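Let's take a walk through this structure together, starting with the overall fold and then settling on one helix and its surroundings. Please keep the viewer open as you read.

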Amino acid sequence: MANKILIVDDAAFMRMMIKDILSKNGFEVIGEAIDGSQAVEKYRDLQPDLVTMDITMPEMDGIEALKQIKKMDPNSKVIMCSAMGQQAMVIDAIQAGAKDFIVKPFQADRVIEAIKKTLS
């Protein structure tokens with residue numbers, strides 16, 4: 001059975017890029033969210049196996065959403081997505097419970113490697 005993944009990013013283009021990479025590699029994208037509060041809601045409703053979460057978003061950022069998802073499901077698997085130069089935020093995210101992080105612009109093999117490692 002394909003692993004179910006929720007993609008969270010405020011940029012439609014980035015969501016489309018990740019979705020494309022995942023679909024081509026046999027993963028099932030079961031939902032998309034455009035900000036942290038939507039991510040928390042969709043996580044509750046969809047129960048994905050893994051979440052790719054952008055750090056910088058309007059409304060609620062990825063780190064706050066990560067903390068809320070972790071509170072709801074301590075076993076949740078979240079991979080943070082960050083642009084170059086957000087190292088401090090990545091450290092915050094890892095401390096808050098993120099399993100890994102991938103850097104934008106995405107390299108397909110790095111995305112798949114992070115997801116496979118996190119799911120195994």
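How many helices and how many strands are there in the chain? This is a predicted model, and its chain contains five helices and five strands. Follow the sequence from start to end and you will read the pattern β-α-β-α-β-α-β-α-β-α.

For a sense of scale, the C-alpha atoms fill a box of roughly 30 × 30 × 25 Å along the principal axes. A compact globule of 120 residues would have a radius of gyration near 14 Å, and the 13 Å of this chain agrees with that. Of the 120 residues, 45% are buried. The chain exposes about 6100 Å², with carbon and sulfur atoms supplying 52% of that area. Contacts also reach along the sequence: among those between residues at least 6 apart, 62% join residues at least 24 apart.

Now turn to helix α1, which covers residues 12–24. Its 13 residues should span 18 Å at 1.5 Å a residue, and the C-alpha atoms at its ends are indeed 18 Å apart, so expectation and model agree. Which residues of α1 are buried? They are Met14, Arg15, Ile18, Ile21 and Leu22. Looking down the axis of α1, you will find these buried residues within an arc of 130°, so they line one face of the helix. The spacing makes sense: an α-helix has 3.6 residues a turn, so residues three or four places apart point the same way.

What covers that buried face? The cover includes the strands β1 (4–8), β2 (28–33), β3 (50–54), β4 (78–83) and β5 (100–104), along with helix α5 (108–119). On the face of α1 turned away from the buried side, you will see the exposed residues Phe13, Met16 and Lys24. Met17 also lies in α1, and its relative accessibility of 23% makes Met17 partly exposed. From Met17 to Ile7 the separation is 10 residues in sequence and 10 Å in space, C-alpha to C-alpha. Just after the helix, Gly26 adopts a positive phi of about 85°.

Next come the charged side chains, which form eight salt bridges in the structure. One of them pairs Asp9 with Lys104, with 3.1 Å between the closest N and O atoms. This pair links distant parts of the chain, since Asp9 sits in the loop between β1 and α1 while Lys104 belongs to strand β5, 95 residues apart. Is Asp9 buried or exposed? At 0% relative accessibility, Asp9 is buried, and Lys104, at 14%, counts as buried too.

Helix α1 has its own part in this. Lys19 and Glu32 meet in a salt bridge with an N to O distance of 3.2 Å, linking α1 to strand β2 across 13 residues of sequence. Both partners are partly exposed: Lys19 has a relative accessible area of 35%, and Glu32 comes in at 26%. Within the helix, Lys24 and Asp20 form another salt bridge, 3.1 Å from N to O. Lys24 and Asp20 are four residues apart in α1, so about one helical turn separates them. Here Lys24 is exposed at 65%, whereas Asp20 is partly exposed at 38%.

To finish, look for Asp100, Arg110, Glu113 and Lys117, which are linked in a network of salt bridges.

Technical notes:
Residues are numbered from 1 along each chain as its sequence is written. This is a predicted model: local features need pLDDT of at least 70, side-chain atom pairs count only at pLDDT 80 or more; totals for chains, interfaces and linings use all residues. Side-chain values use heavy atoms; hydrogens and water are left out. Helices (H or I, at least four residues) and strands (E, at least two) are DSSP runs, numbered from the N terminus. The expected span of a helix is 1.5 Å times one less than its number of residues. Buried means under 20% relative accessible area, exposed over 50%, partly exposed in between (1.4 Å probe, protein chains only). The arc is that of the directions from the helix axis to the C-beta atoms. Contact means heavy atoms within 4.5 Å. A salt bridge is a side-chain nitrogen of Lys or Arg within 4 Å of a carboxyl oxygen of Asp or Glu. The radius of gyration is taken over C-alpha atoms; the globule rule is 2.2 Å times the number of residues to the power 0.38. Accessible areas come from the Shrake-Rupley method with a 1.4 Å probe; for residues, only the protein chains shown count as cover.
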